[in-house]
Amino acid sequence: SMLQKRATKNINATYKEKGKAVLIEEPKEHKCTKKRGRKAQGKTYNTRTKENKYYEKVDDSSSDDSDFYIDSDYEQTKGDDDIDFDENVTNPSAIEEYEEMGFMGVCSNDEDNSDEFASWDGSETEEDEDGNPLPKRSAKNPKTKAWNRAVDLGTPNFCVGQAFANSEVLKEAVREYVVVYQRGLWFQKNSKIKIEVQCQWGCPFWLYASRINKEDPTMYIKTLRQDHMCHVIQKSHHLNCNRVAREVQEYLMVDTEWSRTGIQNRIQKKYKLDVSVQTIYRGKLAAKRMNEAHYLQQYNKLASYMKELLRSNPGSTVEIKTQMDGEVRRFHRMYICLAACKEGWIKGCRPVIGLDGCHIKGQHPGQILSAVGIDANNGIFPVAYVVVEVEKTETWKWFLEYLIWDLKMENPRSYTFITDKQKSLGIAIADLMSGAEHRHCVRHLYNNFKCKHPGEGLKQTLWNAARSTTHIWFNRNMEAMEKQSDGARKWFEDKPPEQWSRSHFRITSKCDILLNNLCESWNASIVRHRDKPILTMMEGMRMDSMTRMANRKVAGTRWTNMVGSRIAKIIEKIGKRTHEYRAHMSGEFLYQVTGGMYGNKHAVDLGMHTCTCRRWQLSGIPCVHATCAIFEKKLEPSMFVDNYLLPSTYLDAYNPIIYPIAGDDDWEPVDYPIAPPPYKKQAGRPKMKRIKELGEGKAPPAPDASKMPRNLYGTKMTCMICKQKGHNKRGCPTIKNQSVSEGSSKGGKAPKKQQ
């Protein structure tokens, strides 16, 4: 026979079985025959004919022939195979298989350089339909090792032919090589098309890279000598602030208060290179800016942030007020009151609101106004906060309008506000909540009082008057103040006692607080956020509130007493004074208690939770007289506290959840650009601490000190030369001016001191 069958284990194959394909027979005269592929074992083996028919090897357990192939497109019979044989083997006009497949009958693929093969008609150039030559295709880039930044940047190594995406990626790799291996390399040539790196100490090290195609930014290393004969360096200009920022960026996201010394020690220990203090400082600042994004970009994201808050916390109130500056929309104010804070205050807090403001320490000016409540354990409960341009009557009214609406304050006489001595805030409360109780912080009141009426005796009398719980004792303390100073009582004529004395407070709030410590504590907790850009600052305050509510909810479920820990300490402190009193029973729940320093008598009603001293009605906690009567009845004082102080009320305040939000990359974009408010930067470094009042924060003298420091009692020095107060003769400006004038007359040199 002129035909030779392709090699197979079973030559006598039958054609009876449906779906089997005949082994292709080829002419013996062909010089180039198809190469036989390897027999697949458990895998698919594809063979292609001229008509692109694909055959897959199958495992037919019913047949003894293991080398048959089944057509994956359609089934084939014996007659169909004869037609294919005549058309592809005996037809002289058919194109020879090896010419169609390529040189030596090997099929080309994308992995081989098929551009080097000649076309089937033997022509070197390609032409279009009109016979015009087509432009030649550019040769493919050679196969090289590509630089993978995520993998190779930690341990950079180079090789000839290595490819880099662009010149910036290559320069980053070289700088990292310098830092990791402590080598003194510098860029001899530095451009977008070619880079040459040499050793600054004259070693044989040489790296040269450039582009192969001008239109392709890929850089290839063409020459490389990695021999080093120099010593390692101790300091490198490549380890700059930008490199430090990339190194500490992720760590500062976790610990924003990482010190400069800690960063410097870590960099020097890791890379064994010295870094200056200024480089560390600038690198830390750059890393913070990368984490927080630029403050201008954060103003543009405020609209998206508002939408994300409303999506994740339905029922919240978020308002942004802007002003038009020509054609520019500038930020003016922003109000936030989360739904969980609304619900928690209404259900589980006393009807008391503390109001105060604090300054923003960031890039742009402004103030944060806050509303803080008090929970069942005398803890702070942030309700709402707002960012405004300045603290004034207009901004307080704008804030209170939203707050009154959110907290549903319908009856003003049922609520109590406590503030510092701000005139603008008092006007706003009187206009919007006429009839509400408005208390002033006694500490701020005394700071203004002592400026004109100093003295420790007046201080104690003032605080005794503020702590008085009945009108009688209040009048007695004010008479004592008048005896000490004639003008002291007149100073309080325009300050009604309803604002600062417990004797005139209402008993509906069950809170006898005299200080605005609620807002002071809140301001102290957010001081670390107040120097951040606006979006980071607002999100930091939200997260503080979120974690506080979650933690206190867990803590409330673990209470072992009938009241909170702070209330329990108050009850324990009161119980230690009961030995000074005696309780005499008058009825089932009625007692008359006598005793004390002056032998006073008080009537106690355990059923109505009242005492003639009014302390129980004001605070909701049994006073010392009521506690004495409760002990006489063999009961526990915590059973007689007000409902505002019960564990169930505490959990009602913290059961609502402040839901987390997605990151800014996943926020829905809102086309509402906002520019920051106008700001003129002041000279010098911005102050991060508030200015303390006179006499505030001064440490007492040491117990073994023999002399009291002058700064404690505020004595001012008097100069012996000019007789003015505030300095001594060493710092006298008269001598300094004379020295300057004499120095200028003698050629700019100051006169020497006479020995």
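Where is Tyr598 found? Tyr598 sits in the loop between strand S18, residues 590-595, and strand S19, residues 600-605. Before I go on, please keep in mind that this is a predicted model.

Let me stay with Tyr598 for a moment. Is Tyr598 buried or exposed? Tyr598 has a relative accessible area of 59%, so Tyr598 is exposed, the cut-off for that word being over 50%. Together with Ile472, Trp473 and Met597, Tyr598 makes a nonpolar surface patch of about 520 Å².

Now to the sheets. One of them is an open sheet of seven strands with mixed pairing. Its order is S10-S11-S14-S13-S12-S15-S16. At the edges are strand S10, residues 317-325, and S16, and each pairs on one side only. On average, neighbouring strands of this sheet are turned by 20° against each other, direction ignored.

If you are new to sheets, here is the background. Strands of a sheet pair through backbone hydrogen bonds, and the pairing is either parallel or antiparallel.

Take S10 and S11 as an example. The two pair in the antiparallel sense over nine bridges. Within that pair, Val318 stands opposite Ile336 in S11. S10 and S11 form a hairpin, with two residues between them. Gly326 lies in the turn and has a positive phi of about 75°.

Further along the sheet, strand S12, residues 352-359, and strand S13, residues 367-374, run antiparallel and are joined by six bridges. Here Gly354 stands opposite Val372 in S13.

A helix goes with this sheet. Helix H10, residues 339-348, lies across S10, S11, S12, S13 and S14. The angle between H10 and S14 is about 135°.

There is also an open sheet of five strands, with antiparallel pairing and the order S5-S9-S8-S7-S6. Strand S5, residues 163-164, and strand S6, residues 185-190, stand at the edges. Each has a single partner strand, so one side of each is left without a neighbour in the sheet. Inside this sheet, six bridges join strand S8, residues 206-211, to strand S9, residues 219-225, and these two run antiparallel. The bridge partner of Ser210 in S9 is Tyr220. Helix H4, residues 167-181, lies across S5, S6, S7, S8 and S9, and runs at about 160° to S6.

Next, the salt bridges. How many salt bridges does the count come to? The count comes to 24 salt bridges. I will go through three.

The side chains of Glu247 and Lys270 meet at 2.7 Å, N to O. This pair links distant parts of the chain, with Glu247 in helix H5, residues 241-254, and Lys270 in helix H6, residues 260-271, 23 residues apart. Glu247 counts as buried, because its relative accessibility is 10% and the cut-off is under 20%. Lys270 counts as partly exposed at 44%.

Another salt bridge is between Arg333 and Glu394, at 3.3 Å, N to O. This one also links distant parts of the chain: Arg333 is in strand S11, Glu394 is in helix H11, residues 393-407, and the two are 61 residues apart. Arg333 is buried, with a relative accessible area of 1%. Glu394 is partly exposed at 44%.

The remaining example is Glu482 with Arg489, at 3.5 Å, N to O. Glu482 is partly exposed at 39%, and Arg489 is partly exposed at 30%. Some salt bridges share partners, and in this way Glu176, Arg243, Glu247 and Lys270 are joined into one network.

Last, the region around helix H13, residues 442-452. Which residues of H13 are buried? They are Val442, His444, Leu445, Tyr446, Asn447 and Phe449. Their cover includes strand S16, residues 437-440, and three helices: H14, residues 456-467; H15, residues 471-484; and H16, residues 517-525.

Between H14 and H15 there is a loop, and Thr470 is found in it. Thr470 counts as buried, at 16% relative accessibility. Leaving aside neighbours within four places in sequence, Thr470 is in contact with Ser503, Thr612 and Cys613.

That is the end of my part.

How values were computed. Residues numbered from 1 in each chain as written. Predicted model: local features only at pLDDT ≥ 70, side-chain atom pairs only at ≥ 80, totals over all residues. Heavy atoms only, no water. Buried < 20%, exposed > 50% of the residue type's maximum accessible area, 1.4 Å probe, protein only. Helix = DSSP H or I, 4+ residues; strand = E, 2+ residues; numbered from the N terminus. Contact = heavy atoms within 4.5 Å. Pairing = 2+ DSSP bridges. Axes fitted to C-alpha atoms, helices over the stretch in contact; angles between N-to-C directions. Patch = residues over 30% accessible without salt bridge, like charges linked within 9 Å, V, L, I, M, F, W, Y side chains within 5 Å. Areas by Shrake-Rupley, 256 points an atom, 1.4 Å probe, with all protein chains shown as cover. Salt bridge = Lys/Arg side-chain N within 4 Å of Asp/Glu carboxyl O.
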